[in-house]
Structure formats: C-alpha cells, structure tokens
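Me: I'd like to go through the aromatic rings in this one. Can you take me through them?

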Amino acid sequence: MAPIPTPTPEPVPSAIDSRLVNPSGIAVDSENGWLYTADAVNHRVRRFDSEGRVFNTWGGPGSAEGLFLQPGSIALNLDSGWVYVVDTGNNRVQRFDFQGRYLGVWGANGIADGQFQQPGQIVFEPLNQWLYVLDTGNNRIQRFDARGRFLGKWGREGQGNGQFRRPESLALGLGWLYVVDVDNNRIQWFDYRGRYLGNKGGKGTVEGQFDRPAGIAVDQTNGWIYVVDSGNNRVQRFDSSLRFMNAWGTEGGAEDQFRNPTGIALDESNGWVYVVDAGNNRVQKFDFRGNFLKLWGTSGNGDGQFQAPGAITVDESGSVYVADTGSHRVQKFNSRGGYLGQSFTGIAENR
C-alpha cells in the first residue's frame, strides 16, 4: 500500500524540519504558486507555497509504491493536476496528484519498451498530452501518454544520426524536440514522434561546436535555441533549424564571463535569459540576444549566495528559482536578482 502523504495545513518554516537534501529536480506550478523539489538523498518530494513554507512531503527510501531511490526530474501536468517523478534508482516513473497521493507507476530496470536504465529528465508536452523520458543509460528517448502507456522510442548508443552517447537534457520547441547529446558534443533535432531532422555540433571551439554542452532552452515565440556550452564557458544561440546565430561568454569572473556554466532559463514575456554560472556561484542575466544586463550571487550560504548552484526555472510572474545544491535549498529571486526567500531542501535526517 502506498504511503499517505504528510499534510501541513498551516505550514510554518523550520530551520530543521523543512530541510531535505540537494534539490536534484525542481518544478513550479505558477497558477497556485507551488514549488516541488525532489530530494535525492532523503528519497522524497516536497511541496512548498510561494513563501517557501512546507505544504506536504511524500516518499522515503524504498521500492514500494510511493517510495523512491534517488528521485530526480519532476514534471507537472497542470491540466490533470498530476506530478510525475523520475525515480532514478528504481528505474521507473511514478505519478501522483498535486497533494502527493500515489496514482500509478511504470518502468523497471531493463532494455525493453517502457523499461529504463538510469532515467534522467522528464518533460510533459501539453498539446498531445505526451511525456518524454531521457533513458540515459540506454541512450534513447521514450515517449508515453499522460498515464504512462508506452507510445514509442528512438535512439541507441552511437555517433550516427539519431544515436546518442549520454543524452542529458531536452527541450520542446514549436512542434520539435531538441536533445543535448553530451558525449557526442552536439544537439540533435527531432519531431515530436522521434523522426530525425538534423544535428549541430562536434567537439571544438568554433561557432556551432561544443565542449560538454549542458543546459538547453527554447524561446517558443521566436523559435531560438539557447545551449550552455559548459566546457567553452559560453552560451550559443541558434534558430529553430540549428543555424548558428551568435554566442557570448569567455572563461573568467567578470561580467559576461563564466566558469562551468550549467543551467539556463528564459523569461519570454520580458525577453530575458538567465544562466547559472556554477563555477562563480552566481546567476547572470542577459537579453535574448546575449547582451549582459545583471548578475547576482557570490560563494556562501547567506541570502542570495550560492554553493554549487544547479537547476534554474522562471515562473509566469517572472520570479526566478535556483537550486542551490551545496546549501541544500532552493532560492527565489525577483527579475532584478532581489532575494525573495528560500525553501530548504537539504539536511539528511539520518544523522
């Protein structure tokens, strides 16, 4: 029997109780102002309100229904009120309602349809109500309906078209899907059913080449694609057909410079690009063409400081959420970098 989620009707922040560990995945429900975090160390998921107070928690270590082993990516189905959690250590995906009540599961360790080896990112596509899961260990992508029924797959290990070597990030475009193929140092382009359309990259430093590409984001209005070229300490921008447009950034600690950048998020309403400059423990803000606008953050665990920042997302109001993994929390900022609060997601409770 699945464990019942623990409610907190009148949530109160607590320096101890509201901490999990290392937010490996974050997702924001802008309509309700809720933040969901996956805690890979304590093997659970937490939901916070817009002030960072804990609403409820569910999970715990294990392989039964509703339990997790190193949960990772989270996706939200706002139409149905469902939360999908990639249960990486159990090689499966679990589905819950927004309150954390268990609804279903699919997957197991293996190579057959609907099975996984080290599944990574999950993305929900609302028009067709499809889910895409990066089956990283099998070097493929699997597609499911909203209830987890298998619909299709593509990819295998290799360097050819439609093949992968460690796919780690994907983003949906205007009817298209773009995949960061890390060890092949390229971006691959598919339609929503997995038909191969093209690729861009190769290891190098010239325009359109990459060294350990990381985060990817798509501007749904213009069709522009932004790729964090981590090893080259820059961001590259392409059109929807992967034609190079421009790049910015060099190695360093000044404005418009990076050290091991990772995550990226867009505020399309205002035309802004946020980049997690992980090695410099800060976030940098640019316009859509890459002109520098602002930065914030230094190394530390105080308000607005970071230790190993990772994932980043922007809600519909323009608030920016950053997973500050080394400090075991998610921090919230306004669009000018002003600190708004934090949701602790990080002290292991077995000490």
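**Aromatic rings and their contacts**

Reply: Sure. This is a predicted model. Start with Arg237, which lies over the face of Trp224, 4.5 Å from the ring centre.

Me: Which aromatic residue does Trp224 pair with, and in what geometry?

Reply: Trp224 pairs with Phe288, edge-to-face. The centres are 6.5 Å apart, with 70° between the planes.

Me: What does that pair tie together?

Reply: Trp224 lies in the loop between β18 (213-218) and β19 (225-229). Phe288 lies in the loop between β26 (282-287) and β27 (292-296). So the pair ties together parts that are 64 residues apart in sequence.

Me: Are Trp224 and Phe288 buried or exposed?

Reply: Trp224 is buried, and so is Phe288.

Me: What about Phe286, which ring does that one pair with?

Reply: Phe286 pairs with Phe292, again edge-to-face. Here the values are 6.0 Å centre to centre and 75° between the planes.

Me: And how accessible are they? Take Phe286, then Phe292.

Reply: Phe286 is buried, with a relative accessible area of 0%. Phe292 is partly exposed, at 25%.

Me: New topic. Where does the charged end of Arg95 sit?

Reply: Over the ring of Trp82, 4.3 Å from its centre.

Me: Which residues form the aromatic cluster?

Reply: Trp34, Tyr36, Phe55, Trp58, Phe68, Phe96, Phe98 and Tyr102 form one cluster.

Me: Last one. How many aromatic pairs does the structure hold?

Reply: It holds 31 aromatic pairs.

Notes: Residues are numbered from 1 along each chain as its sequence is written. This is a predicted model: local features need pLDDT of at least 70, side-chain atom pairs count only at pLDDT 80 or more; totals for chains, interfaces and linings use all residues. Side-chain values use heavy atoms; hydrogens and water are left out. Rings of Phe, Tyr and Trp (its six-membered ring) pair if their centres lie within 6.5 Å; planes under 30 degrees apart count as stacked, over 60 as edge-to-face and the rest as tilted. Helices (H or I, at least four residues) and strands (E, at least two) are DSSP runs, numbered from the N terminus. Buried means under 20% relative accessible area, exposed over 50%, partly exposed in between (1.4 Å probe, protein chains only). A charge sits over a ring if NZ of Lys or CZ of Arg is within 6 Å of the ring centre and within 35 degrees of the ring normal.
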